[in-house]
Amino acid sequence: MNVEFFVISLLNGVSYGLLLFMLSSGLTLIFSMMGVLNFAHTSFYMLGAYVAYTLSGIIGFWPALFIAPLLVGALGAAFERYSLRRVHKFGHVPELLVTFGLSYLILEVVQLVWGRSTVPYGLPSQLQGPLFTLYGTQFPKSRSFIMLVALLMLLSVWLLLTRTRIGLVIQAALKHPEMVEALGHNVPRVFMLVFGGGAALAGLAGVVGGNTYVTEPAMAASVGSIIFVVVVVGGMGSLAGAFLASLLIGIIQTFAVAMDQSMATGLRAIGMAVNESTFGYPLLNLTISQVAPILPYLFLVLILIFRPKGLLGTRED
């Protein structure tokens with residue numbers, strides 16, 4: 001493993017992990033504040049990418065970077081106000097079903113409006129090209145921009161929740177909603193703003209991730225399961241846990257996809273004879289890059305076995 005491979009893979013892993021955090025942070029906030037596991041969260045991510053693609057063609061990428069998340073957040077707030085709030089009193093199952101239905105509705109609307117194929121959502125000229133070159137390998141500006149936006153978002157959310165009056169009201173409404181309402185605050189409106197804010201964070205991830213990776217109707221499904229892995233591994237409702245889990249999963253997957261070694265390679269390196277007649281040879285011959293897609297789920301299983309509350313979560317009995 002040389003310096004070039006390690007540094008570039010580490011940076012790529014951190015950038016992918018921070019994109020996962022941008023997605024999982026909104027879901028974590030919604031769950032920790034409202035107790036709602038939003039199955040449509042990655043659909044807001046997809047919607048953010050498509051809205052930004054349309055706005056970029058009209059007003060440019062940089063205005064779209066701010067406007068698209070606001071539009072997606074407004075849609076999320078409207079959904080909470082007129083749909084999710086009506087089923088909240090019936091328990092978690094109706095909430096899951098209504099958000100699951102919303103994900104399919106958004107998918108069909110996206111396909112009707114923008115089509116079923118990939119849209120040409122490209123990078124602005126300022127983000128094209130490499131940021132630096134290391135031993136002939138380039139690290140693109142777009143990935144560094146994702147890292148910058150994610151870190152600024154983390155700082156903004158932390159300051160909002162810990163250093164502002166709004167953040168204090170949100171945290172108080174989470175633990176003592178009746179007391180907060182008795183003090184004159186509109187708790188349902190607070191929850192609506194929290195849900196809209198979570199949707200806006202997902203939309204922001206779509207704006208900066210859609211042109212770096214790909215914008216297509218399958219983009220929500222491609223990250224949907226991995227986001228729930230991040231939330232569970234980090235600890236349900238823990239923003240710091242989601243940040244740590246996102247970085248770990250992003251780095252592990254990025255390093256894994258670049259490794260062609262297998263168990264058979266390791267056994268041969270220590271002098272053991274491994275060939276096609278060896279028991280379990282097809283399994284031993286699988287490379288790390290081939291099993292890379294299942295590594296986050298293996299990590300999830302291990303966490304659930306040895307630390308069910310997650311890395312930084314706290315279990316409430």
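**Notebook: a salt bridge, two helices and a core**

I began with charged side chains and found that Arg85 forms a salt bridge with Glu80, their closest N and O atoms lying 3.3 Å apart. The model I am reading is a predicted one, and my search of the whole structure turned up 1 salt bridge. I then asked how far each partner is covered: Arg85 is partly exposed, at a relative accessible area of 28%, whereas Glu80 counts as buried at 5% relative accessibility.

Next I looked up the largest nonpolar core, which has 82 residues. Helix H1, residues 3-34, gives the most to this core, with 13 residues. Which residues have the most contacts inside the core? I noted Met22, Met34, Phe44, Tyr45, Leu84 and Val233, and I followed two of these further.

For Tyr45, I placed the residue in helix H2, which covers residues 41-59. Tyr45 has a relative accessible area of 5%, so I entered this residue as buried, the cut-off being under 20%. Leaving aside residues up to four places away in sequence, I listed what Tyr45 touches: Leu19, Leu23, Ala202, Gly203, Ala205, Gly206, Gly209, Met219 and Val223. I also checked Tyr45 against Arg81, which stands 36 residues away along the chain, and found their C-alpha atoms separated by 20 Å.

For Val233, with the same sequence neighbours set aside, the residues touched are Ala245, Phe299, Leu300, Ile303, Gly310 and Leu311.

I turned next to helix H8, residues 187-210, and read off 24 residues reaching 34 Å from the first C-alpha to the last, close to the 34 Å expected at 1.5 Å a residue. Is H8 enclosed or open to the outside? I found that 20 of its 24 residues are buried, so H8 is largely enclosed by the rest of the structure. At the N-terminal end of H8 I found Asn186 acting as a cap, with a side-chain oxygen 3.1 Å from the backbone nitrogen of Arg189.

My last entry concerns Thr254, which lies in helix H10, residues 239-257. Thr254 is buried, with a relative accessible area of 14%. Where does a polar atom of the Thr254 side chain find a backbone oxygen? I traced the backbone oxygen to Gly250, at 2.7 Å from that side-chain atom. Beyond residues up to four places away in sequence, I recorded that Thr254 touches Ser9, Asn12, Gly13 and Tyr16.

Terms used
Residues are numbered from 1 along each chain as its sequence is written. This is a predicted model: local features need pLDDT of at least 70, side-chain atom pairs count only at pLDDT 80 or more; totals for chains, interfaces and linings use all residues. Side-chain values use heavy atoms; hydrogens and water are left out. A salt bridge is a side-chain nitrogen of Lys or Arg within 4 Å of a carboxyl oxygen of Asp or Glu. Buried means under 20% relative accessible area, exposed over 50%, partly exposed in between (1.4 Å probe, protein chains only). Helices (H or I, at least four residues) and strands (E, at least two) are DSSP runs, numbered from the N terminus. Contact means heavy atoms within 4.5 Å. The expected span of a helix is 1.5 Å times one less than its number of residues. A polar contact is a pair of N or O atoms within 3.5 Å; within protein, one must be able to donate a hydrogen and the other to accept it, and residues adjacent in sequence count only if both atoms are side-chain atoms. A nonpolar core is a set of buried Ala, Val, Leu, Ile, Met, Phe, Trp, Tyr and Cys residues joined through side-chain atoms within 4.5 Å.
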